[in-house]
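Trainee: Got a minute? I'd like to go through a model with you and ask how each label on it is earned.
Mentor: Sure, pull it up and fire away.

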Amino acid sequence: MGPDFVQLSLTPMLIGTLAALACALPGNFLLLRRQALIGDAISHVVLPGIVVAFLITGTVAAWPMMLGASLAAIVAVLLIEAIKRLGRIDAGAAMGVVFTAMFAGGVLLLEQSDTSSVHLDVEHALYGNLESLIWLGAEGWSSLLDWTALSQMPPQVARLAAVLVVVAGFIFVFWNALKISTFDEGFALSLGIRARLLGFGLVVVTAIAAVAAFDAVGSIIVIAMFICPPAAARLMTDDLGRQVAWSAAFAIVSAVLGYIFAGYGPLWFGAAGSVSAAGMIATVSGLILAATCLFGPKRKRIGAAREV
Amino acid sequence: MRNALQGSIEVVARNGEAAHAAISPNLPLLIEGLTVSYGEKPAIFSIDARFAAGRTIAIVGPNGAGKSTLIKAALGIVPRLSGTVRVFGQPIEQVRGRMAYVPQRASVDWDFPARVVDVVMMGLYRTLGFLRFAGPKERQRALACLDRVGMADFAKRQIGQLSGGQQQRVFLARALAQDADLYLLDEPLAGVDAATERTIMDVLKSLKNEGRTVICVHHDLSTVAQYFDDVLLINVRKIAEGPVASTFTDGNLQKTYGGRLAGAHIEQLRLPVE
């Protein structure tokens, strides 16, 4: 692995890994709260946010796009909560209504407004542009210690690293409260834990992770990483702490192996070129989930043993 | 309907005001004019009740009478539409450390990734405080509580692998870990085996003997007299409260269940328990 690797593969791999981790960590709690699809919902509703941000600012610069996406995510979360409470319906149904409506609104806006001059397309939204996030300023491994070279890294690296710190920090600081309120909300409330505020905080953190990851790697990875690594991890252990650790390991393995398979896999089979890294990373995470379904030590449903 | 409700709430509020002076710091739980509503229709309406220290108290009433709602409101889990709750003479927020809660077993997902000892340690949340994680000391306390309910051997089991009765005992152990002065339990004997019922009642009696107060939502009319000192009969509104001997009467039961209990059924309840 020489200078070429550092220049062309290191940063996409790093970005993929950071994005996978930022999504997989909160995914553990979303999964246990039966809210896993909120990641899916958020990655859909960012589309109208991005389009509106573009219409207002006229640029496709990262910050207005992310701001628009974040605002759309927050609007969506509030709408979901409102529909859930006012209509007194299931969270999944409320999510379904909100994200399809907002996504459709985004498509409509995109159609009606003159965005043809810029690159706002569906393919980009799905697959991101992981392969293009290369580090041109790098000359080899030594560049990791060279400040000028480091400053030329794709901005997604620093952005996703910051988001990962926020996500992991939130989970660490509120670990006990999150654990109790996820298992038994009534008991959490009786202890004085502000469980609903905490649940909202979790969704906001999720939205931040989804938007940052979406910008770098597209929605396929985002959706897969909220669900696959935590679900596979749940089948490996009966301890929440270990589950979170397993999910992080699975996220890293998916990102690294997925990137390598996408870049070199086709060559091994004699084909030319490569396939989408985002698609392959999501595929690897799905294969890991399938493997744990078949061989994970805790895969047996225990409900049967529950009767007195 | 709405106007009538509104009118009554005002009356409730005024009555509540007047009664405030009598709040004693020794009274574990005082409820005045408590109304809770999940929609248009109140789940409980204008309930007044005093729960004395060192007693075991059953809350009894038909399905949908608001029994669970009453204790959830007393714990501040569901918002009150009106009324006051005072725990040891203080608002709930200031005395949470002295209250313990056992929710209905069916209210949680037992597939959650936790072992028995992990669930019991959740009862130590308030003593742990911010950014501190459970260590050997907390584990020891949790194991002692598990021992009290006869579940010490199951400490490392995944909670989904327990029987219903065992899960109920784990919930009781978690409440014991809270080391509270006021225990509120939601149907602790629902669907448990005979051995578990005996264990739970022994623990509740020992709590009472230590001077703590135990309030249970209870569904089995045939065991009220055997297990409890006092009873609160409700059906959305309060029907009666007081010592079992003088309160748990045919007339009050008829009023509580609205004629749904046949006379013969009530006769049966009067039979001495074997």
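Trainee: How many bridges join strand 6 of chain B to strand 7 of chain B, and which way do the two run?
Mentor: Keep in mind that this is a predicted model. There are 5 bridges between strand 6 and strand 7 (residues 213-217) of chain B, and the strands run parallel. Pairing takes at least two bridges, so these strands count as paired. One spot to look at is B:Leu184, which sits opposite B:Ile215.

Trainee: And what makes strand 5 of chain B a partner of strand 6 of chain B?
Mentor: Same test: strand 5 (residues 99-102) and strand 6 share 4 bridges in the parallel sense, against a minimum of two. B:Met99 has B:Leu182 as its bridge partner there.

Trainee: Why is strand 6 of chain B called mostly covered?
Mentor: Buried means under 20% relative accessible area, and 5 of the 5 residues in strand 6 (residues 182-186) of chain B are buried. B:Leu182, B:Leu184 and B:Asp186 point one way, B:Tyr183 and B:Leu185 the other, and all are buried.

Trainee: What makes strand 2 and strand 4 of chain B edge strands?
Mentor: Look at the open sheet of 3 strands in chain B, which has the order 2-1-4 and antiparallel pairing. Strand 2 (42-51) and strand 4 (82-87) each have a single partner strand, so one side of each lacks a neighbour in the sheet. The twist averages 15° from one strand to the next. Helix 2 (residues 67-74) of chain B packs on this sheet and touches strand 1, strand 2 and strand 4.

Trainee: Why is A:Cys23 not in a disulfide?
Mentor: The cut-off is 2.5 Å between sulfurs, and the closest cysteine sulfur, in A:Cys228, is 12 Å away, so that is too far for a bond. A:Cys23 is also buried, at a relative accessible area of 0%. For B:Cys216, the nearest cysteine sulfur is that of B:Cys145, 17 Å away, and again there is no disulfide. Over all chains the count is 0.

Trainee: How do you know that A:Arg34 and B:Asp109 form a salt bridge?
Mentor: Their closest N and O atoms are 2.8 Å apart, and the limit is 4 Å, so the pair qualifies. The rule finds 3 salt bridges across the interface of chain A and chain B.

Trainee: What area do chain A and chain B bury between them?
Mentor: About 3,200 Å², with 62% of it on carbon and sulfur atoms. In residue terms, 34 of chain A are in contact with 40 of chain B.

Key. Residues are numbered from 1 along each chain as its sequence is written. Chains are lettered from A and ligands numbered from 1 in the order in which they are written. This is a predicted model: local features need pLDDT of at least 70, side-chain atom pairs count only at pLDDT 80 or more; totals for chains, interfaces and linings use all residues. Side-chain values use heavy atoms; hydrogens and water are left out. Axes are lines fitted to C-alpha atoms, for helices over the stretch in contact, and angles run from 0 to 180 degrees between N-to-C directions. Contact means heavy atoms within 4.5 Å. Buried means under 20% relative accessible area, exposed over 50%, partly exposed in between (1.4 Å probe, protein chains only). Buried area is the accessible area (1.4 Å probe) that two parts lose on being put together, summed over both. A salt bridge is a side-chain nitrogen of Lys or Arg within 4 Å of a carboxyl oxygen of Asp or Glu.
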